Amino acid sequence: MAQIVSLISFGLNIYSFALIVYIFMSWFPGARESQFGELLGKICEPYLEIFRKFIPPLGMIDFSPIVAILLLHFARMGFIQFAMML
């Protein structure tokens with residue numbers, strides 16, 4: 001059971017890092033149009049789109065990725081706590 005919890009926690013952690021890399025790619029012109037950027041876009045955009053529906057950008061700043069990463073972190077911590085109770 002501990003190995004499954006560890007694997008899921010690791011997967012959520014990797015996804016968080018993928019989101020961060022995808023967000024930072026917006027700072028570099030053409031980075032999201034690369035093969036790697038398009039792959040990350042296919043992985044990250046469906047999750048980020050959920051938050052963009054509810055949190056509109058303020059000027060040039062989009063706060064929805066921050067909320068998305070925080071929610072993913074809290075879900076990971078909650079999952080670990082729940083698994084420890086079993």
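**Close-up views of a predicted model**

**View 1. Phenylalanine 51 is tucked away.** Phenylalanine 51 has a relative accessible area of 11%, so this residue counts as buried (buried is under 20% relative accessible area, exposed over 50%, partly exposed in between, with a 1.4 Å probe and protein chains only). Before going on, a word on the model: it is predicted, so local features need pLDDT of at least 70, side-chain atom pairs count only at pLDDT 80 or more, and totals for chains, interfaces and linings use all residues. Residues are numbered from 1 along each chain as its sequence is written, and side-chain values use heavy atoms, with hydrogens and water left out.

**View 2. Tyr15, Tyr47 and Phe51 make up one aromatic cluster.** Rings of Phe, Tyr and Trp (its six-membered ring) pair if their centres lie within 6.5 Å; planes under 30 degrees apart are stacked, over 60 edge-to-face, and the rest tilted. That rule gives three aromatic pairs. In one of them, tyrosine 15 meets tyrosine 47 edge-to-face, 5.8 Å centre to centre and with 70° between the planes. This pair ties together distant parts of the chain, since tyrosine 15 sits in helix α1 and tyrosine 47 in helix α2, 32 residues apart (helices are DSSP runs of H or I, at least four residues, and strands are runs of E, at least two, numbered from the N terminus). Tyrosine 47 also pairs edge-to-face with phenylalanine 51, at 5.1 Å centre to centre and 70° between the planes. Those two are both in helix α2, four residues apart, or about one turn of the helix. Tyrosine 47 counts as buried because its relative accessibility is 17%.

**View 3. Serine 9 sits in helix α1 (residues 2-24).** Is serine 9 buried or exposed? At 10% relative accessibility, serine 9 counts as buried. Setting aside neighbours within four places in sequence, serine 9 is in contact (heavy atoms within 4.5 Å) with Arg76 and Ile80.

**View 4. Arginine 32 lies over the face of tyrosine 22.** The distance to the ring centre is 4.1 Å. For a charge to sit over a ring, NZ of Lys or CZ of Arg must be within 6 Å of the ring centre and within 35 degrees of the ring normal.

**View 5. How sure is the predictor?** The protein chain has a mean pLDDT of 93, and 100% of its residues reach 70 or more (pLDDT is the predictor's confidence in each residue, from 0 to 100). Confidence is highest in helix α2 (residues 35-54), at 95, and lowest in helix α3 (residues 64-85), at a mean of 93.
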